[in-house]
Every structure is written in structure tokens, then in C-alpha cells.
Amino acid sequence: MIEIEVDESWAGSRLLLRQLRDLMKGRASDEQRLERIVGLIARQMTAEVCSLYLLRPGNVLELYATKGLKPEAVHLTRLRVGEGLVGDIAARARPLALADAQAHPNFAYRPETGEDIYRSLMGVPILRDGRVLGVIAVQNVQRRDYAAEEIEALETVAMVLAEGMAGSELAGPAESGPTLRPARLPAVPLTEGLGLGVAVMHQRGIVITRIVAEDPEQELDRLADSVAAMQASLESVLTRSELADPGEPREVLETFRLFARDRGWLNRIQDAIRSGLTAEAAVQKVQSDTRARMEQIVDPYLRERLVDLEDLGYGLLRHLLGDDGHAAAARLPPEAVLIARNLGPAELLDYDPTRLKAVVLAEGSPNAHVAIVARALELPTVGRCPEAFTRIWPGDFLVVDADNGQVLAHPGHAIRETFAESMMARDRRKQDLAVIRDLPAVSADGVEVSLNANAGLLIDLPQVRDSGAEGIGLYRTEVPFMVRDAFPDVDAQTRLYRRVLEGTDGKPVVFRTLDVGGDKILPYWKGGAEENPAMGWRAVRITLDRPVLLRQQLRALIRASEGRPLQVMFPMVSEVAELDQCRSLLDLELELGRAEGRNPPDRVHVGIMIEVPALLWQLPAVFERVDFVSVGSNDLMQFLFAVDRSSPELARRYDVLSPPMLRLFKRLVAEADRAGKPISLCGEQAGQPLEAMALLSCGFRKLSMPPSSIPRVKNMLRSLKIGPLAAYIDFLAGQTCRSVRERLRHYARERGVVLE
Ligand code: PEP
Ligand code: MG
């Protein structure tokens with residue numbers, strides 16, 4: 001019974017698509033054709049109204065045809081993009097279905113249309129190459145909840161319309177594009193750097209000319225062939241040289257390969273073919289459904305998974321259309337900035353990296369897989385730039401400033417020059433600092449300092465090597481957990497930690513156990529929402545409550561270290577009892593390893609992070625129990641000053657370069673020295689030359705920081721006499737002002753300490 005119903009609906013849908021196609025191709029004038037089309041759609045969708053709005057110059061949507069609204073409104077009713085419900089659909093490039101349209105805050109009443117009697121509205125954008133050409137909307141007198149299938153059906157109709165309009169005047173005159181005024185578009189940095197080039201719209205290479213299929217069976221065969229071909233080409237991408245290192249981008253692509261076998265996704269494409277579409281149109285339709293579903297998903301991790309599916313869809317389209325993707329890469333101008341709504345990791349790799357200078361995504365987040373790959377390729381990339389598709393046009397000259405999260409569209413000559421110079425200066429600076437890499441980390445008065453790197457992903461390792469770091473002072477193990485679909489088991493963790501140890505050529509690595517919770521959310525971990533997550537169930541508070549997690553991680557670290565030293569550090573410890581618990585779990589795992597006859601680590605050094613102020617009154621007992629400590633100044637500062645570290649409003653309110661912090665740092669170093677235990681600092685401050693200067697003068701001899709900061713900090717160190725500054729720091733620490741930053745800066749200037 002169900003089968004028959006489905007078949008009937010497919011037959012109905014096939015008929016509608018064919019009729020539409022024939023109408024689009026017909027000889028009638030544009031006006032007559034559009035009139036018949038809206039009539040046909042209204043009938044098929046059992047709606048009293050069907051209206052077609054097209055985008056005209058000046059970002060205005062003009063009513064071009066209607067069945068049901070007053071005919072005199074045609075060419076008279078015009079809405080700005082973003083104005084009214086139709087404008088909203090165009091601005092967001094996504095469907096809208098409202099049972100009570102007039103109750104919606106964006107509803108804009110246009111008396112000339114006579115639409116006040118229609119209660120419900122469903123509209124979808126007419127999209128081509130990711131760009132909005134117009135909107136098609138249906139309306140009903142009676143209140144009506146439109147089903148998801150109806151929205152999908154209207155989207156399919158919009159696809160057929162978009163393809164039929166291609167090349168005709170209906171698609172909008174070319175001059176609706178660039179408004180060559182300079183514009184600054186805000187965005188979010190996904191990687192670092194600066195890139196200049198001309199805008200190239202992603203997907204432009206894909207032009208679907210055949211929408212409606214004659215023979216569904218033949219289309220299903222084409223799909224099967226292309227899926228097989230795409231799987232084969234994914235295998236070959238995985239052997240590409242920049243991904244040869246077993247690292248994060250490779251893992252990303254491997255997860256992605258699993259999607260290619262996702263039956264649900266393939267079934268949906270097959271269903272779309274059965275409804276009358278060609279294989280390529282079916283893929284494109286499922287793509288737009290995916291996009292629509294994505295809009296409703298709040299969970300950023302799930303959104304990224306759907307982006308990966310989109311990416312696969314485009315791969316499949318290229319196979320179906322006989323374009324293996326390299327053609328798209330070849331079409332890139334020598335200095336290109338790629339513009340996309342979103343991009344999957346494999347899709348990015350299809351472009352020629354020598355021509356691609358930057359990427360701008362309308363969506364995208366820093367944890368997205370594409371960001372991980374872009375970082376590995378050192379490609380300046382920004383995301384969440386909603387105006388990318390309304391203010392940027394192909395061929396526009398763009399400056400992508402990923403450091404500051406902004407895109408400058410068609411900047412004036414002076415701005416271009418400034419950025420070009422700044423880019424050259426950056427390159428020169430990089431080269432100069434590269435020279436510093438092999439120089440010793442010794443101050444101008446002969447004090448040796450250990451400069452280490454913070455890392456969290458395998459793709460950080462080459463940068464750690466290039467930075468001249470003495471070792472990894474903080475390996476944040478939670479980061480690999482955050483980019484996976486499920487908790488890695490002991491074997492997977494062992495492999496990962498082994499790769500870290502092998503990737504650092506025998507240099508010391510301090511592994512910090514899982515510091516999840518707070519802002520570090522694992523997508524597969526169901527912790528309840530907390531009012532104060534930074535002070536909530538996080539780090540060892542979780543892993544001691546769920547000791548299996550910690551034991552598995554410690555087991556993996558022990559196994560990975562076989563014969564090598566193991567340094568393990570526990571985060572967010574608040575009391576000695578927690579430290580004792582952590583140690584006893586470690587001892588249990590060491591014992592287990594011995595019982596299993598495994599090769600044990602050469603030495604085991606245990607440390608904790610000093611991040612919770614309560615520890616400051618337990619230091620002697622802490623030092624008795626640990627081999628080293630590291631000050632997590634990000635959290636320590638947050639808790640001492642009661643200042644949320646992620647609050648932009650509070651970012652400048654309190655200063656780490658303040659008398660109380662200096663006194664605290666000095667005291668910590670003094671107590672560690674008294675106990676004879678090494679102390680380091682691994683918060684962000686360690687990587688800023690002025691702050692690092694103060695920390696060294698407070699007595700720290702080991703710092704750990706982002707690898708990119710090491711050359712600058714080493715440069716500062718080599719120009720600094722620590723002894724004389726230590727005396728001045730004693731004085732500053734006794735003051736009552738809120739910040740000593742300016743005084744320290746002045747000191748550096750006077751003494752020729754290099755802070756750049
Ligand atoms: C810190 O708190 O200073 C620290 C290094 O840890 P994280 O930034 O990972 O919380
Ligand atoms: Mg911390």
C-alpha cells in the first residue's frame with residue numbers, strides 16, 4: 001500500500017517537473033510563460049496564490065508573476081532584500097513556511113497585492129551558484145501547516161526555474177553585481193594571516209543543464225558509477241603529499257570517507273531521482289535539503305558533519321558532470337580568494353593551493369574541519385561572514401584579514417598598498433625570526449630559559465619543530481577529543497600519543513589529561529547545562545567522577561611512552577586530595593602495565609596545573625607530591641579576579657601586569673624554588689613579549705606558549721637583562737596602581753628590549 005502511494009507521488013512529481021520544463025522551454029513571451037508557471041505551481045501545490053519575485057538591480061525583489069494576487073501588483077510590488085517575508089527568504093537564502101504569516105514580525109503588508117486574506121505562506125529562494133535570483137512563494141487562505149515534503153517539492157520547482165532562467169534576462173542583468181564602493185565586512189577568524197586576491201565564487205564550475213530525467217533507471221546507474229568513482233578519488237586524495245603525514249587533516253578526510261558510504265544520504269538521492277530528477281539535479285536537491293536542515297541545527301558539531309555531506313555532494317556532482325574538480329582548480333586566477341557559503345575539507349583540497357590566497361565563508365566555525373585543513377595549508381580563512389554573498393561579486397578585489405576577522409571588499413588604492421606592504425613586512429619578519437630559531441634562548445645577562453610550545457593537534461607538530469621550541473610544555477589532550485565523533489578508545493589514544501612523541505624527535509612533552517567541560521564541549525558527551533561552566537564540572541572533576549576515562553587515558557599515555565620518559569599533568573586540581581586520587585589512578589595503571597609485561601616508561605614525572613586559587617594555601621603539600629607544576633595563568637587570573645576569561649567586555653578591565661599578579665608570581669616561584677621543584681607557566685601571557693619579560697623577571701625560567709610566539713619571545717629574551725629588571729619588578733609589585741604595563745613598556749623602550 002505504502003509503496004503504491006510513494007509511486008503515485010513520484011509519478012505526480014515527475015509530471016510537474018516535465019510540465020515545468022516544457023513551459024520554460026516554450027516559445028511564449030517571458031511574461032506568458034511565467035504566468036502559466038505560477039498557475040501550474042499553485043494548482044499542483046493546492047494553493048490559492050503562487051507568486052514569483054525576481055531580484056533586480058539595487059537588491060530589490062520585484063513581483064514578476066502571480067496567480068491569486070491582484071494582477072496590477074505585477075512589476076509594482078517591490079521589496080528590498082531583507083524586507084518582508086519574501087525579502088527575508090532572499091536575504092537568508094533559505095525557505096520559510098508559516099501557518100500564520102501575518103503574525104510574523106517581518107510581515108510587510110502591501111495593499112496593492114490584496115494579500116490580506118491569505119493566512120499561510122511558504123516560500124523558497126531561487127538559487128543558482130549559491131546566489132539568489134528570486135523567490136517563489138505560495139499562499140493559502142486557510143491556516144495551513146506546510147509539510148517538509150511540500151517545502152522540498154517547492155525547492156525542486158525553484159531549481160527547475162533557476163536552470164530555465166539561466167542565460168535569460170530573467171536571471172538579472174550583470175550590473176546588479178558590483179557596487180564598487182569600498183566595504184568592510186565583519187567576519188570571524190578561522191585561521192591567521194592576510195590574503196589578497198580576486199573573488200571566485202565556489203561552485204561556479206558546476207552548471208546543471210539537465211534537471212528533468214527521461215529514464216530514472218538510467219539515472220540511478222549513473223549515480224552508482226559516480227559514487228564508485230568518487231570513492232576511488234577520495235582514496236587518492238588521502239595519499240596526497242601534504243596529507244601523507246598521519247595527522248589531523250588526514251583523519252578528517254578519513255571520517256569524511258565514511259560519509260561516502262552513508263546509506264541514508266544515498267537513499268535520499270535515489271528517491272529524488274525516482275521523483276523525476278536527473279542524477280545531478282537529485283544530488284543538488286539533496287544538497288539544498290541538507291543546507292536547510294543545517295540552518296535548524298544549533299549543535300556546531302552536527303552542523304559540521306552536515307557540511308561534510310555537502311562537500312561530498314559537490315564531489316559527486318563533479319563526477320556526474322565529468323569534471324573531476326581539477327578543472328575548477330585550473331580556472332582559478334593566479335591570486336584567488338574563494339567565497340563559499342560553507343566548504344568541506346576535501347573540497348578545499350580540490351583547489352590549487354598555489355593560486356588560492358584566502359578563503360571567505362558565509363558560515364563556518366573555528367572548529368570546523370575545513371578550518372583545521374586550512375590551518376595546515378596556512379591559508380588565511382575567515383568564517384561567519386553573512387554578507388559574503390550579498391556584497392561580494394565574482395572578480396571583486398578583496399583583502400582578507402584573518403588576524404582581525406574582516407574582509408575588505410574593493411578597497412581603495414591606499415588600503416591595498418597598506419595591506420600589500422603589511423604582507424611583505426610579515427614575510428620579511430617571518431624570515432628574520434626564522435634565523436632566530438637556532439640561536440640559544442639566553443638573556444643578555446646570560447640567564448638560560450626554556451621556551452616550549454603549547455600544542456593540541458598533530459598538525460601543530462611541524463610548527464612546533466620549526467619554532468625552535470625546547471619541547472611541548474603543554475599538550476592539550478582534549479583537542480583531539482573535540483574533533484572526533486566518539487570517544488577515542490585506548491588503542492586510538494595510544495596511537496595518537498605515540499605519534500606526538502615520535503613527531504617531536506625525542507624532545508620532552510608534557511601531556512595534560514583531559515580538560516573538558518567549561519567551554520570545551522565534546523559533542524558526544526552529555527553533561528547537563530551549567531550556569532557557570534568555567535567553575536563547574538570540568539577537567540579532573542569529571543575524570544575523577546568517571547575514573548574509567550582517566551584510567552584509559554593514563555593507560556594510553558603509559559603504553560605510548562614505552563621506554564621513553566612520560567610527563568603527565570593534571571588540570572584544575574583544587575585540593576591535595578584530588579591530586580592524591582589522580583596519582584593513585586596513575587599508580588594503578590603503571591601496575592597494570594607491569595602486570596601485563598609491557599615495556600614501562602623510562603621515568604614518570606607527575607605535575608599539576610596551578611589554576612585554582614585554593615591551591616595557593618596548599619603549596620607545601622602539593623610540592624611534596626609532585627615532580628613539577630605549571631601555572632595556568634588563563635584560569636588562575638580568571639578565578640583570582642573573578643573575571644570570565646571569555647568575556648569581551650571584561651577583556652581589558654584587569655591586567656595580568658598588575659601588582660597583585662606580580663606578587664603572586666614571585667611567591668609561586670619562590671615556593672617552588674624552596675621545595676626544589678621546577679615551575680613553568682603555560683597561559684597565553686607566556687607568548688606575549690612584554691608579559692614574558694615580566695614573568696622572567698619574577699623568576700620563571702620555563703615558559704610554554706603557542707609555537708608561533710616563540711621566535712618573538714626569544715628575540716625579546718636575547719635583548720633583556722633579567723637581573724636589573726628583577727629589582728624593578730620588586731618595586732612595581734609593591735605599588736597600588738591597577739596596571740604596571742606602561743611602566744614596563746617604558747622600561748623596555750629605555751633599555752632597548754625588543755618587544756616586536
Ligand atoms: C590556563 O588556564 O592557563 C591553561 C593553560 O589552560 P587552558 O587555557 O587550556 O584552560
Ligand atoms: Mg586552564
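In this predicted model, leucine 55 has leucine 61 of strand 2 as its bridge partner. That pair belongs to the contact between strand 1 (residues 49–56) and strand 2, which run antiparallel and are joined over 7 bridges. The points below follow strand 2 first, then turn to a sheet of 8 strands and to a charged patch on the surface.

**Strand 2 and its neighbours**

- Strand 1 and strand 2 form a hairpin in which 3 residues lie between the two strands, and glycine 58 in the turn has a positive phi of about 85°.
- Strand 2 is also joined to strand 3 (residues 78–80), by 3 bridges in the antiparallel sense, and here leucine 61 stands opposite leucine 79.
- Because 7 of the 8 residues of strand 2 (residues 60–67) are buried, this strand is largely enclosed by the rest of the structure.

**The sheet of 8 strands**

- An open sheet with mixed pairing is made of 8 strands in the order 7-14-13-9-10-11-12-8, and its edge strands, each pairing on one side only, are strand 7 (183–186) and strand 8 (188–189).
- Within this order, strand 9 (residues 194–201) pairs with strand 10 (residues 336–340) in the parallel sense over 4 bridges, and valine 200 stands opposite leucine 338 of strand 10.

**A negative patch on the surface**

- Asp215, Glu217, Asp221 and Asp225 gather in a surface patch of negative charge.
- Aspartate 225, one of these residues, lies in helix 5 (residues 216–238) and counts as exposed because its relative accessibility is 54%, where the cut-off for exposed is over 50%.

Notes
Residues are numbered from 1 along each chain as its sequence is written. Chains are lettered from A and ligands numbered from 1 in the order in which they are written. This is a predicted model: local features need pLDDT of at least 70, side-chain atom pairs count only at pLDDT 80 or more; totals for chains, interfaces and linings use all residues. Side-chain values use heavy atoms; hydrogens and water are left out. Patches are made of residues with over 30% relative accessible area and no salt bridge: like charges are joined within 9 Å, nonpolar side chains (Val, Leu, Ile, Met, Phe, Trp, Tyr) within 5 Å. Accessible areas come from the Shrake-Rupley method with a 1.4 Å probe; for residues, only the protein chains shown count as cover. A salt bridge is a side-chain nitrogen of Lys or Arg within 4 Å of a carboxyl oxygen of Asp or Glu. Lys and Arg count as positive and Asp and Glu as negative; His and the chain ends are not counted. The place of a charge is taken as NZ of Lys, CZ of Arg, CG of Asp or CD of Glu. Buried means under 20% relative accessible area, exposed over 50%, partly exposed in between (1.4 Å probe, protein chains only). Two strands pair if DSSP finds at least two bridges between them.
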